[in-house]
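Colleague: Could you pick one part of this model and take me through it slowly? I'm still new to this, so please explain the terms as you go.

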Amino acid sequence: PNTVGVFNAANGFTTIPYPFGYDKVRRGGIAYCSQTGVVLAQCQPLEDRAYPISKMCDVGNKCDVNEVDLLNYLADDPETEVVAMHLEDVKDGRSFMDAARRLVARKPLLIFKPARSEAGARASASHTGSLAVNDRIYDTAIRQTGAIRVNTWQEYWDIPKVFAYQPLSTGNRVAIISHSGGAGVVATDVAVESGLAIARYSDATLDKLAKLSPRLARNPIDLGPPLSLTDDPMSLQEEVISTVLNDVNVDCATIVLYAGVMAPIEYILEMFTRLERRVSKPMTVWFYGTRLSLIEDISRQLEGLGVPTYTDQETAVKALGALARYSEFKRGIE
């Protein structure tokens, strides 16, 4: 009861009674599970956002199939590389933790557990019959399994993309490259709050950046002023990003770029194609600009190359923090 069913992107199978939008879902490695049908294709712009999906499931009130069944199934599912799960309650805490540990040993698990407040718990009880439990208990249990807790729908949808598209991180040292000094400051705060360390570039990298422009020899890097003073801004941008990504002291990077007439889509796609061939370090990208349609277009095309893009800067940085935490956990159990 209170569920709209399941969807398998591998073969198009669905039990959902609202069968529109599912033929446009992009096949990929993310399994989205929830206790609400709002995450499914009849409710979300999945074609426009092009999330790479393997499975989708709404367990509703969980009278027969619950989160433990899903975790055990998806742990063995070859189509699934990362699992995002929205839960209002857990039926059997011990079984849930056992199943979560089993899955996390193989692939990342991100959990969105709302009803953190007393009022939220009452709303959840009326929605799915969930029993109120102190949120600190859930938080501790999730952390002990190695799963990563996310706090918003935006994070639930978007953070899994970094796991589906990018390699695991060798550490937590992040480079921040932006067209805007203000955006670099915001990214720095979020990075530290997400468990990332602001990378200290090697002397060789600092020397090379300083030769390009004295303003570039820092982290975060503000590309804006140097780009406005050069005759070839696109080449300078690529050289800076490539130099930083190749630094031995950098484990990952978050990049903020302008999308508009001064930044041709074709060039940006070609630049990232070259970068992906040269460097195998995780990166996330946030585009800003004056036309939403242009931002969405270039974001979709860039994700087609395997580079995760984000609709807000904070989530782009948090995704790298989640990747670094899971990478550290995975190294600890191998």
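Modeller: Sure, and we start with a bit of vocabulary: helices (H or I, at least four residues) and strands (E, at least two) are DSSP runs, numbered from the N terminus. Our close-up is L257, which sits in strand β10, residues 252-258. Before we zoom in, keep in mind that this is a predicted model, where local features need pLDDT of at least 70 and side-chain atom pairs count only at pLDDT 80 or more, while totals for chains, interfaces and linings use all residues. Residues are numbered from 1 along each chain as its sequence is written, and side-chain values use heavy atoms, with hydrogens and water left out.

So, is L257 buried or exposed? Buried means under 20% relative accessible area, exposed over 50%, and partly exposed in between (1.4 Å probe, protein chains only). L257 comes out at 0%, so it counts as buried.

Which residues does L257 touch? Contact means heavy atoms within 4.5 Å. Skipping the neighbours within four places in sequence, L257 is in contact with H179, Q237, M271, F272, V285, W286, F287 and Y288. T188 makes a handy landmark: it is 69 residues from L257 along the chain, and their C-alpha atoms are 16 Å apart.

Now compare that with E314, in helix α14, residues 313-333. E314 has 33% relative accessibility, so it counts as partly exposed. Leaving out residues up to four places away in sequence, E314 touches V186 and V190. From E314 to P225, 89 residues away along the chain, the C-alpha separation is 23 Å.

Let's zoom out. The chain has 14 helices and twelve strands. Its radius of gyration is 21 Å, close to the 20 Å that the globule rule gives for 334 residues, so the chain is as compact as a globular protein of that length. (That radius is taken over C-alpha atoms, and the rule is 2.2 Å times the number of residues to the power 0.38.) The C-alpha trace spans about 65 × 40 × 40 Å along its principal axes. L257 has plenty of buried company, as 55% of the 334 residues count as buried. Of the contacts with a separation of 6 or more, 76% are between residues 24 or more positions apart.

Next, the cysteines. A disulfide is a pair of cysteine sulfur atoms within 2.5 Å, and by this rule the count is zero. For C33, the closest cysteine sulfur is in C57, 5.7 Å away, which is too far for a bond. Both are buried: C33 has 3% relative accessibility and C57 has 9%.

Finally, a few spots to check in the backbone. The peptide bond from N219 to P220 is cis, with omega near 10°, and P220 falls in the loop between α9 (203-212) and β9 (221-222). A50 is not a glycine, yet its phi is positive, about 55°. You'll find A50 in the loop between α1 (46-49) and β3 (53-58), and it counts as buried at 12% relative accessibility. K62, another residue other than glycine, has a positive phi near 60°. K62 is in the loop between β3 and α2 (67-76), and at 5% relative accessibility it counts as buried.
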